[in-house]
Structure formats: structure tokens, C-alpha cells
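Visitor: I am new to this protein and would like to be led through it step by step. Could we take one question at a time?

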Amino acid sequence: FQSRSQEVQGLAYSLARKVNFSEVRAIYGFSGETHLSHLYYPMIDVADILHPQLEKFGGPRPTVVPVGVDQDPHLRLARDVAAKFSEEYGFLPPSSTYHRLMRDLFGGKMSSSRPDSALFLTDPPEVWERKIWDALTGGRPTAREQREKGGEPSKCLVYELCMYHFMPEDKELLELKERCEKGEIICGECKEGMVERAKDFLRELEERRKEVRSKVERLLHEIYPTF
Ligand code: SF4
């Protein structure tokens with residue numbers, strides 16, 4: 001919730017002193033019809049990108065921001081702004097990597113402000129199970145129709161989860177796609193399998209967390225003795 005962070009808000013206000021309308025218009029295509037709140041919003045994004053370099057968070061340092069391609073304008077503006085404030089704050093221009101982003105479980109844009117829209121690594125297994133059962137699929141309105149016409153994996157979020165996270169083997173993924181398109185598998189069955197995979201994933205994650213927990217605590221204690 002970047003816009004609720006006091007540090008981000010304060011920094012946005014400060015950075016806005018050196019950004020004029022022509023610059024944001026050139027980047028975002030704003031016009032005379034654009035609302036003032038919309039005009040200001042890029043500064044919140046820029047402040048969100050740069051605030052980890054404030055003294056409070058450890059000071060200036062190289063940063064890499066993973067984003068979707070549609071976020072590139074914010075990164076370009078952030079680099080310009082970082083250069084303008086290099087003396088005042090010591091900012092280094094942020095680097096970025098570009099990713100194809102997964103859709104949320106209902107086919108929209110993922111957002112941490114809608115907890116049911118995504119699987120969080122901190123969720124317990126039963127919450128993942130519920131979310132997977134509620135996820136949008138590419139299934140047909142009835143099982144009969146699905147057996148006749150086949151499903152549409154390109155629209156299906158369960159398929160997308162398999163593709164990005166839970167089916168490392170392409171061969172297996174292709175098999176699921178073909179079975180779905182031929183109507184050889186229906187969504188209930190498919191989701192059951194998916195829930196099992198997801199629970200296995202969480203179990204393994206928990207075991208790995210246990211393995212490294214004491215190591216992480218020791219390291220943190222070395223860096224921050226009061227930890
Ligand atoms: S069968 Fe599986 S992959 Fe196909 S639409 Fe249903 S949930 Fe998605």
C-alpha cells in the first residue's frame with residue numbers, strides 16, 4: 001500500500017518540486033482533461049521506487065526493480081528524478097528488469113490490497129485450497145459441454161498457475177493442455193490435482209524455511225545486534 005506509507009508520501013511531495021507538467025505530459029500523455037490527482041500519481045510511484053535509498057532504510061545503493069512492461073514509464077521518470085536529486089539525497093538511478101506478469105486468480109491485475117486475488121507464501125494450506133477452488137477457469141458452463149467442446153486453457157488461471165509455478169516439466173504442461181482442449185479432463189478433477197501440488201509446494205517451502213531460519217536469525221543478529 002505505497003500511497004499509505006508516510007515515507008513514500010513525504011518523499012513524493014519533496015521530489016515533485018523538480019518535476020514539471022511538460023515532463024509528465026511527455027511520458028504519460030496527460031492533457032488538459034487530466035485530473036490533478038492523476039497528475040500527481042506518478043510521483044507516488046517514483047517515491048515508492050526511490051524510498052529504499054533514504055537514510056532511514058540504509059541509504060543510497062544500487063537497486064533493481066522487477067516490473068511489468070507497462071510500468072516502464074515510472075522507471076524512466078524515477079531515473080530522471082534520481083539524477084536531479086543525486087546531491088540532495090545521493091540517489092543512484094534504479095535499474096529494472098521486465099517480466100510478463102501472472103494475472104490474478106480472477107483474470108485481472110494482481111493486487112496485494114485484494115488478498116483473495118493471489119496465493120501468498122504466508123497463507124496456510126487451507127486458504128490456498130479455497131482460493132484455487134474459487135479461481136477462474138477456462139471451463140464450460142456444464143461438465144457435459146466441457147466433455148464435448150473441451151476447455152480453454154488460455155483463459156484458465158489454474159492452467160496459468162501450473163505454467164508459472166507448479167508444473168516444471170513442459171511435457172506435462174502440454175499434456176494437460178491437450179487433455180483440457182479435448183475435454184478429457186474437467187475442471188473439478190483438474191483443481192483437485194492442483195490443490196495437491198500446491199500443498200506439496202507449501203510443505204516443501206515450510207521445511208526449507210525451518211532449515212534456514214536459525215541461519216537467517218544468526219546473520220540478522222550479526223548485522224543488527226539488538227535483533
Ligand atoms: S480442465 Fe483444468 S486447465 Fe482446463 S479449463 Fe479446467 S481447470 Fe483449466
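Visitor: Which helix is the place of Ser14?

Guide: What is shown here is a predicted model, and the answers that follow should be read with that in mind. Helix H1 covers residues 6-15, and that range takes in Ser14, so the helix asked for is H1.

Visitor: Is Ser14 buried or exposed?

Guide: A residue counts as buried when its relative accessible area is under 20%. For Ser14 the relative accessibility is 12%, and because this value falls under that cut-off, Ser14 is classed as buried.

Visitor: Leaving aside its neighbours within four places in sequence, which residues is Ser14 in contact with?

Guide: Contact here requires heavy atoms within 4.5 Å. Once the neighbours within four places in sequence are set aside, the residues in contact with Ser14 are Phe85, Glu88 and Tyr89.

Visitor: How many helices and how many strands does the protein have?

Guide: Read along the sequence, the elements follow the pattern α-α-α-β-α-α-β-α-α-α-α-α. Taken together, the protein has 2 strands and, beside them, helices to the number of 10.

Visitor: What radius of gyration does the protein have, and what would a compact globule of 227 residues have?

Guide: The C-alpha trace spans about 65 × 55 × 30 Å along the principal axes of the protein. For a compact globule of 227 residues one would expect a radius of gyration near 17 Å, whereas the protein itself has 23 Å.

Visitor: What percentage of the 227 residues in the protein is buried?

Guide: Seen from the outside, the protein exposes about 14400 Å², of which carbon and sulfur atoms supply 55%. Turning from surface area to residues, the buried part of the 227 residues amounts to 34%.

Visitor: How many salt bridges does the structure hold?

Guide: The protein carries 34 positive and 38 negative charges, and the mean positions of these two groups are 2 Å apart. One network of salt bridges links Arg140, Glu152 and Lys155. For the structure as a whole, the number of salt bridges is 20.

Visitor: Why are Arg76 and Asp72 separated by about one helical turn?

Guide: The side chains of Arg76 and Asp72 meet in a salt bridge, with 3.2 Å from N to O. Arg76 is partly exposed, its relative accessible area being 42%. The two residues are about one helical turn apart because they lie 4 residues from each other in one helix, namely H4 (residues 72-84).

Visitor: Which helices hold Lys199 and Glu129, and how many residues apart are they?

Guide: Lys199 forms a salt bridge with Glu129, and the closest N and O atoms are 2.9 Å apart. This pair links distant parts of the chain, with Lys199 in helix H10 (residues 187-223) and Glu129 in helix H6 (residues 125-134), at a separation of 70 residues.

Visitor: How far apart are the closest N and O atoms of Arg197 and Glu172?

Guide: Arg197 is partly exposed at 26% relative accessibility, and Glu172 is likewise partly exposed, with a relative accessible area of 29%. Arg197 and Glu172 form a salt bridge in which the distance between the closest N and O atoms is 2.4 Å. The pair links distant parts of the chain, Arg197 in helix H10 and Glu172 in helix H9 (residues 170-181), 25 residues apart. The distance asked for, then, is 2.4 Å.

How values were computed
Residues are numbered from 1 along each chain as its sequence is written. This is a predicted model: local features need pLDDT of at least 70, side-chain atom pairs count only at pLDDT 80 or more; totals for chains, interfaces and linings use all residues. Side-chain values use heavy atoms; hydrogens and water are left out. The radius of gyration is taken over C-alpha atoms; the globule rule is 2.2 Å times the number of residues to the power 0.38. Buried means under 20% relative accessible area, exposed over 50%, partly exposed in between (1.4 Å probe, protein chains only). Accessible areas come from the Shrake-Rupley method with a 1.4 Å probe; for residues, only the protein chains shown count as cover. Lys and Arg count as positive and Asp and Glu as negative; His and the chain ends are not counted. The place of a charge is taken as NZ of Lys, CZ of Arg, CG of Asp or CD of Glu. A salt bridge is a side-chain nitrogen of Lys or Arg within 4 Å of a carboxyl oxygen of Asp or Glu.
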